[in-house]
Structure formats: C-alpha cells, structure tokens
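Colleague: I have a model open and want to learn how to read it. Can you take me through a few features?

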Amino acid sequence: MLPDLKEIGDKITQNNIWKSIFRHGYEDTPRNRMLQILGNVWLHIHPTTVTKGSINISFTWCLGGLTFFVFLFETLTGVLLMFYYTPDVNRAYADMLDLSNNAIPLGRLLRNTHRWAGHAMVITVCFHMLRVFLTGSYKAPRQFNWVLGVILLVLTLLLSFTGYLLPWDQLGYWAITVGTNMAGATPFAGYQGPFAELFGFTIDNDIRFGLLGGTSIQAPALLRAYVWHCIGLPAMAGGLMILHFWRIRKDGFSGRL
Amino acid sequence: MANPEATTLKPEPRQTQPGPEKIHTWPHLVAKEFLCALLFLVVILLYSYYVDAPLRELANPGEPENPAKAPWYFLGLQEELVYFDPWFAGVVLPSLIIIGLMFIPYIDFNHKGNGYYTFGERKFAVTTFSFGFLLWYVLIIMGVYCRGPFWAWFWPWEKWTLAFPTPPPLWSLPAPVGVLLLLAYFGLGTWLPARRWKDFYQQLGPVKYGVTMFLLLTMIGTILKMGLRLGFSIKYVLQTPWFNI
Ligand code: HEM
C-alpha cells in the first residue's frame, strides 16, 4: 500500500514546532505571495509588488543584483581564504602555492573563483552604471543614488586593487608599485607631484608613504593592503550598498511600462 | 465619534486610469534573481575549473617586471601616462572622471528619458557618455594587448622583443604658445558652442554649462593630446617650471 503523502505532509506541517518556524503556509494565494516577501528578513528588501516592465531582463540585465551577488560570493570565498592565508611577506606566497596546488582541499578552486569573480564584479558594476545611464535612471528623484553608486564603483576598484598585492608575487608586486607610484605624484601632497615643496612633503611623509606604510612596498604595505582588503573596504562597500538599496526603495525604481 | 465632515465629503473617486500593471515580487522577480545568481555560479565555477588564476614568481623588489602593468581596469590610466605626466594621468584625470560622473545627475537638465532606453530624446547625453565609456575600454584594450617591454607598442600577434625602433625625439611647445593654445582651446571651446546652440546654453545656465563643457573639453583634450604626441611627437603642450601638460 502506498503511504498517504498528504497525511505525512500534514503530520509534518500541522504542529506547533513547524508553525513556530514558518509563519505562513505555502498555498499560492496573493496574500501568501506578499507574506513571502514581508515575512522574510532577507527578501523584504523588495517591495511586495513590482511593475511588470521593471523586471524585464532587458531593462536591468540583472546587473545591479548580480554585482551584489558577486559581492556576497566574494565575501564568502574571501573569508574561507582568510583561514589559509597569512599576510606576512615570508608566508603569503607559500600559502598561495598551497592553495594552487590543492595542498588545501579545493584550494585551487577557491582561489580561482575568488580571483575571477573579483574581475567579474568590476565588469558587472561598470555595465550596471552603463545601464543606469542609458535608461536615464539617475534623473530626479534618484540623483543621489547615482552619486552613491559612483562611490561604490570606486570602492569596487579599490577592493580589487588591494587584493592584487596579497599573493606577493611579481605580478601583484609591480602592478601595485605602478599604481601607488601615482599617489606619489599627487599635486601638493605627493613627493613627486607639482608643488610638493609647498607643504614640505617628501618621500617619507606624503600620501604614498601613508598608503604603503614605508617608502617602498615591504611588509607594512602587505599588511595594510590586507586590512583594507578584508575589513576596511568591504565594510564601507557593504554599508553603502545597504544605503543604495534603501534609496532605491525610497526614491522608487525607475522602470515603468 | 463620527467625523462631521465625513458625511459632507464624497468619497474620493477611485483612480479610473489604472497605473502600470503590477505583479507579485514573489515569485516573478525573486525567481529571476535566483536564476541570474545560479547562472553566474555555473559560469564562474566552470571558468575557474579550466582557467587558473595567475601566479608568477615570488615578489622580488630588486627585479622589476618589464612591462610592469597595473591591474587591467587601470590600464587606461597607465596608457595615458605615455601622453601626460603622472600627476595628471594618475591623479587629476581619474579624480575628474569620478567627480564628473557624480556631477552628471546635477548638470543633466533634460527631464525626458527617465526610466527607459532612448537615444532620440537624449542625443547629447547618450553620445557623450557612451563615447567616454568606450574610450575607457579602448585604452584598456590597448594597454592589455598592445603594450610590451618599455611600454612599446606590439600588436597582439607580434612577439615581444627589445629590438624595437627608437622612438623619434620629442619636443615641447614654447610656454607662451602653450598658454595661448590652452586658453584658446578651452575659451573658444566653451564660447562657440554656446553661440551655436543657444537653447542648450540657456537651459543649462552659465554654471552648469561651464561645468559640462569643462568636463567634455577635458575628455576631448586628452584624445587631442594623444594625437599631438603620436602624430607630431609633441611631449608637452605647456611646459612650466612647476608642472607640464
Ligand atoms: C557595488 C556596486 C553596486 C551594487 C551592488 C548596486 C546594486 C544595485 C541594485 C541591486 C539595483 C537595483 C536595480 C538593478 O539591479 O539594476 C541598483 C539600482 C541603481 N543603481 Fe546600483 N549598484 C552598484 C553600483 C552602482 C553604480 C556604480 C551606479 C552609478 C554610477 C549605480 C546607480 C544606481 C541607480 C541610480 C539605481 C536606481 C536605478 C533605477 O531606479 O532604475 N549603482 N543598484
């Protein structure tokens, strides 16, 4: 005799424990569809209803949402990498080799996905900006959210940039050298920039020195890159994303039709 | 207690014209988001399975890479280093790009085209932005694929060698000529379009118009400078004891 599935289902769901966890049923009613959003702490960032046109893939191309998802993905894989990586010039490169050689289970996949998703995030955020521009979605009342977006764009680039140094290999070392040398050329505040003498900036007290914690890229620079990459920048970006999403709800989403 | 006005007030007529059609976020939007995320996961896992993240030799401060390239998304700026000094290519130009981007919503007076794709209603805005976006990526592609040792130009199919021809010597314009040229470029570049497109100028007003044109002329100016350098071997348009442009 076949077991009565409905009866088993009822046994599981019609009791106090189940009901204390799941606050409403899953009958497909308009009310439940709304509760599904409102009653879920993660989903209630959405409105319960949206206009039909605004969720066409060909309107947003899902690019903002994708950028956010990639950020979450990077957070997860990044934290996992932190278990195995030491920001010490004598250890960092060896840790990278351990990951790449799978001396750590799934290490190579972990490192590869974190690396490529980081690049992907730069691309998706750029194209998200392009889509927001082309749909004119930055126009009133959403001007300020565009400004927040630009800051997020810069933070995304900085996140990727600070990560570049961490493997402590020739590629990252010299890329970061090129990049941070630019800071040394800042007018007024960089030792090689125009008017540096005006405020007495030299190689051991200018902006570049502040970024590197030294006059060249050594152990302090690696530690600084690490702290910015793992704590400072993600915290700032995460906070601003919350603001970005809050403003989308408050300003109203642009998509109509 | 009954509201005395309630009896005299007629109920608000229901909105007769229905607004845009609304649908439930669950499941319509959530499902799409989920599929997007899933698709991304599949792509990134497949890609990461087949392509390894780069890892070169241990960092060696005594042995510079040649060429030493910044991460790809900054290679547009590094490419500009050929044409400008670092204070401009590496600091002022990116700062102007960031500030310029932030200014966009405040200088775009055109109310049309809010929330849908259109070219016809925002010809100037769409053209300018798309051009800048494209420029950024063209410079990146040049930097990633066409620059070899000592930042010399190699086509992607060419082998990198150190035996490339010595570049021709560079020269700079005399300072007075440079000053005049820059003043003329930004002066006329601001004044002439204001005369030609009076409506545009009047709708923006002098401040927004000035900002818009400054940003636009700076963008075009970087390309012109590239032309001067590549076509006429000009190193600096303006040379001063303090800074060069
Ligand atoms: C880490 C970076 C970013 C994340 C995670 C993010 C996320 C999002 C998400 C999820 C949306 C909802 C609609 C959509 O998916 O397109 C959105 C909308 C929006 N984003 Fe972003 N964004 C980021 C960066 C930017 C940038 C760089 C800009 C512009 C410079 C920007 C400007 C806007 C604006 C104005 C909206 C409202 C669009 C509308 O109402 O149509 N965002 N963002």
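**Reading the model**

Modeller: Start with what packs on a helix. This is a predicted model. In chain B, the buried residues of α2(B) are covered by elements that include α3 (30-38), β1 (49-51), α4 (57-60), α5 (63-82) and α7 of chain A, together with β1 (22-24) of chain B.

Colleague: Which residues of α2(B) are buried?

Modeller: An α-helix has 3.6 residues a turn, so residues three or four places apart point the same way. Here the buried ones are Thr25(B), Trp26(B), Leu29(B), Val30(B), Cys36(B), Ala37(B), Phe40(B), Ile44(B) and Ser48(B).

Colleague: What span should helix α2 of chain B have, at 1.5 Å a residue?

Modeller: Its 26 residues, 25-50, should span 38 Å. The end C-alpha atoms lie 37 Å apart, which agrees.

Colleague: Now the metal. Which residues are the protein donors of the iron atom of the ligand?

Modeller: His128(A) and His244(A), each through NE2, at 2.0 to 2.1 Å. The first sits in helix α7 (residues 107-134) and the second in helix α11 (residues 219-251), both of chain A, so the pair ties together parts 116 residues apart in sequence. Both His128(A) and His244(A) are buried.

Colleague: What is the geometry of the iron site?

Modeller: Ideal angles for six octahedral donors are 90 or 180 degrees. The iron has 6 donor atoms with angles of 87 to 179°, and the site is octahedral.

Colleague: Is Gln78(B) buried or exposed?

Modeller: Buried means under 20% relative accessible area. Gln78(B) has 9%, so it is buried. It lies in helix α3 (residues 75-80) of chain B. Beyond four places in sequence, Gln78(B) touches Val178(A), Ala68(B), Lys69(B), Ala70(B) and Trp151(B).

Methods. Residues are numbered from 1 along each chain as its sequence is written. Chains are lettered from A and ligands numbered from 1 in the order in which they are written. This is a predicted model: local features need pLDDT of at least 70, side-chain atom pairs count only at pLDDT 80 or more; totals for chains, interfaces and linings use all residues. Side-chain values use heavy atoms; hydrogens and water are left out. Donors are N, O and S atoms within 2.8 Å of the metal (3.2 Å for Na, K and Ca); water is not among the atoms, so sites may look incomplete. Four donors count as tetrahedral if all angles lie between 85 and 135 degrees; four count as square planar and six as octahedral if opposite donors are over 155 degrees apart and all others between 65 and 115; anything else is irregular. Helices (H or I, at least four residues) and strands (E, at least two) are DSSP runs, numbered from the N terminus. Buried means under 20% relative accessible area, exposed over 50%, partly exposed in between (1.4 Å probe, protein chains only). The expected span of a helix is 1.5 Å times one less than its number of residues. Contact means heavy atoms within 4.5 Å.
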